[in-house]
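Here's a quick walk through one model, written for someone who'd rather look at side chains than at statistics. Have the viewer open and follow along.

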Amino acid sequence: MSRKYKFREKGGAYFISFAVVNWIDVFTREIYFSCIIDSLEFCRKHKEMEIYEYCIMPSHIHLIFRSSFEDPSDLIRDFKGFTSKKLLKLIEENQQESRKEWLLWMFERAGKKNSNASKRQFWQQNNKPIEIWSLKVFEQKLNYIHNNPVVSGFVIDQIDYKYSSARNYGNGDHTILKIDLN
């Protein structure tokens, strides 16, 4: 039995989460957050990704999205492939990164355990997409995504977390990342 989760309804909206290998807290510096935000914005503009919710936590990302090209699997594969290369390069070149050697060692270690990785592995391979097939599922996942920083103790109110679409919904703040409010 395959352990791979699949995007079955190609034109549907999906909730996915993907994490850094070993749940390493990489997203602790503005430069790394910016890489993810810029990449999501690129996917919105050039790869027809519709983003309905997002939250970038220190070690993982949550998204509710849809591929207008009806190819969500390739879209996420390309996003993860590009961002992994870009983030590894940013870490390698970041003179202020006090954990540089340790981070690169951890990514190399993960890469050696994965036959699909050439040298280093940044993202865990699984995504476990969950199709958003009803308004109830959408609201459940939206609440989960937006409450993640609150439950983790980063903020008291979900609207105060900078890297979450809770700001888009709560006060119309699209300064970090524009989302598709359909």
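In which loop is K128 found? It's in the one between α3 and β4 (130-131). Keep in mind that this is a predicted model.

K128 has a phi near 45 degrees, a positive value in a residue other than glycine. W23 also shows a positive phi, near 55 degrees, and isn't glycine either. You'll find W23 in the loop between β1 and α1. Here are the two of them in a table.

| Residue | Loop | Phi | Relative accessibility |
|---|---|---|---|
| W23 | between β1 and α1 | near 55 degrees | 48%, partly exposed |
| K128 | between α3 and β4 | near 45 degrees | 46%, partly exposed |

Why do W23 and K128 count as partly exposed? Exposed would take over 50% and buried under 20%, so W23 at 48% falls in between, and so does K128 at 46%.

Now for the inside. The largest nonpolar core has 51 residues, and F27, F107 and F122 touch the most other members. Residues come from many elements: β1 (13-19), β2 (49-56) and β3 (60-67) each supply at least two, and so do the helices α1 (30-46), α2 (72-93), α3 (100-112) and α4 (135-151). Leaving out residues up to four places away in sequence, F27 touches V20, Y32, F33, I36, I56, M57, P58, L87, F122 and W123.

Next, the helix pair. How do α1 and α2 pack? Their axes are 10 Å apart, at an angle of about 150 degrees. Angles over 145 degrees count as roughly antiparallel, so that describes α1 relative to α2. The crossing of α1 and α2 is right-handed. On the α1 side, the contact is made by I31, Y32, C35, I36, S39, L40 and C43. The α2 side brings L75, F79, F82, T83, K86, L87, L90 and I91. By class, the contact of α1 with α2 has 12 nonpolar, two polar and one charged residues.

One last stop is N94, in the loop between α2 and α3. Is N94 buried or exposed? Its relative accessible area is 10%, and buried means under 20%, so N94 is buried. Not counting residues up to four places away in sequence, N94 touches R29, I31, Y32 and K100. Two of these names should look familiar: I31 and Y32 are also among the α1 residues in the contact with α2.

Notes: Residues numbered from 1 in each chain as written. Predicted model: local features only at pLDDT ≥ 70, side-chain atom pairs only at ≥ 80, totals over all residues. Heavy atoms only, no water. Core = buried A, V, L, I, M, F, W, Y, C linked by side-chain atoms within 4.5 Å. Buried < 20%, exposed > 50% of the residue type's maximum accessible area, 1.4 Å probe, protein only. Helix = DSSP H or I, 4+ residues; strand = E, 2+ residues; numbered from the N terminus. Contact = heavy atoms within 4.5 Å. Axes fitted to C-alpha atoms, helices over the stretch in contact; angles between N-to-C directions. Parallel < 35°, antiparallel > 145°, perpendicular 65-115°, else oblique. Left-handed = near helix turned anticlockwise from the far one by under 90°. Nonpolar A, V, L, I, M, F, W, Y, C, P; charged D, E, K, R; others polar.
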